[in-house]
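Student: I have a model open here and would like to go through the labels attached to it. Could we take them one by one and check the reasoning behind each?

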Amino acid sequence: MSLKSLTIDDKNIFDEYFSKFPPEISEYTFTNLFMWNHVYDIKYEIIDGCLLIASGNKIFPPVGPAESILDAFGKFFKIMQEYHSEIYLDRFDKDSACKIKELYNVELEQDENNFDYVYNTQDLINLSGRKYHNKKNHINRFLKTYDYTLEELSSENALECLKFTEKWLSLKDIEENPGVIQEFDAIKKVLDNYEFFKLKGIVLKISGKIEAYSFGEKLNPETAVTHIEKANPEIKDAYAFINMCFAKLMSEYKYINREQDLGIPGLRYAKQSYHPTKMILKFRGKL
């Protein structure tokens with residue numbers, strides 16, 4: 001049995017499963033899987049009404065009705081064994097990890113670098129209290145310094161955002177940060193087809209030029225997810241401001257998942273500095 005390769009035409013299939021069985025992990029939107037597919041190389045299969053997803057020799061958490069998941073996972077595991085001598089579990093949320101651990105008696109370890117940071121949306125908007133004092137100062141300084149405009153991200157300004165991202169990339173040391181090339185390719189996939197993905201985004205302009213943007217979407221009924229946030233590092237406090245603006249755009253959701261820190265010290269510090277309400281734990285292990 002050959003596994004299916006993820007294509008842009010699979011959006012409706014994945015959207016349907018993620019809508020029926022709302023995920024907590026940030027990886028589980030079609031946008032995320034597709035935009036990073038040049039890294040993930042996603043394969044999938046529908047078994048017993050469940051969606052099974054793999055990335056190389058790594059199996060991601062199964063999606064589907066609770067009464068079918070374990071049997072479907074077992075069948076998928078056997079299919080994977082036809083392709084790989086060693087198989088791993090990856091990005092498993094706590095609930096999925098517990099189910100699989102009982103079935104296979106597998107040792108799972110916490111994958112701290114891929115924990116998701118989840119924030120109270122109103123905290124990101126209001127920045128109230130002593131713990132957000134420095135963040136509030138960043139916002140106030142930005143407001144006093146710059147004459148700006150905001151636009152919703154759309155197909156009309158997506159190409160301009162892509163050109164801004166090219167400029168942002170040119171400021172990076174590629175040898176020290178090779179992952180930024182992969183990230184640029186992921187962003188390009190989305191911005192080249194922006195209307196197709198039905199995302200929500202915000203664009204910051206100063207003196208008519210894009211200096212920051214962010215986009216994301218619904219993850220589950222009470223949580224939005226931020227996929228990308230980019231700002232001109234030479235514009236002081238632009239990151240703090242675009243973060244707040246995106247939170248306002250997604251204010252219908254109680255929480256915002258701002259994805260993982262990948263073990264990058266600066267990124268970890270930045271995400272912790274916004275005081276997450278909770279962390280979405282993820283687990284990995286070898287079957």
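**Checking the labels**

Tutor: Gladly! This is a predicted model, and the count of disulfides in it comes to zero.

Student: How do you know that Cys50 is in no disulfide?

Tutor: A disulfide needs two cysteine sulfur atoms within 2.5 Å. The nearest cysteine sulfur to that of Cys50 belongs to Cys98, and it is 18 Å away, so Cys50 does not meet the cut-off.

Student: And what makes Cys50 buried?

Tutor: Its relative accessible area is 0%. Buried means under 20%, so Cys50 qualifies.

Student: How do you know that Cys245 is in no disulfide?

Tutor: The nearest cysteine sulfur, that of Cys161, is 14 Å away. The limit is 2.5 Å, so Cys245 is in no disulfide. Cys245 has a relative accessible area of 6%; that is under 20%, so Cys245 is buried.

Student: How many of the 287 residues count as buried?

Tutor: By that cut-off, 52% of them do.

Student: What are the helix and strand counts of the protein chain?

Tutor: Twelve helices and 14 strands.

Student: Why is the chain called as compact as a globular protein of its length?

Tutor: The radius of gyration is 20 Å, and the globule rule gives 19 Å for 287 residues; the two are close, so the description holds. The C-alpha atoms fill a box of roughly 60 × 40 × 40 Å along the principal axes.

Student: Which residues form a nonpolar patch on the surface?

Tutor: Leu262, Ile264 and Leu267, with about 250 Å² of accessible area together. Leu262 lies in the loop between strand E12 (255–257) and helix H12 (265–272).

Conventions:
Residues numbered from 1 in each chain as written. Predicted model: local features only at pLDDT ≥ 70, side-chain atom pairs only at ≥ 80, totals over all residues. Heavy atoms only, no water. Buried < 20%, exposed > 50% of the residue type's maximum accessible area, 1.4 Å probe, protein only. Patch = residues over 30% accessible without salt bridge, like charges linked within 9 Å, V, L, I, M, F, W, Y side chains within 5 Å. Areas by Shrake-Rupley, 256 points an atom, 1.4 Å probe, with all protein chains shown as cover. Salt bridge = Lys/Arg side-chain N within 4 Å of Asp/Glu carboxyl O. Helix = DSSP H or I, 4+ residues; strand = E, 2+ residues; numbered from the N terminus. Rg over C-alpha atoms; globule rule 2.2 N^0.38 Å.
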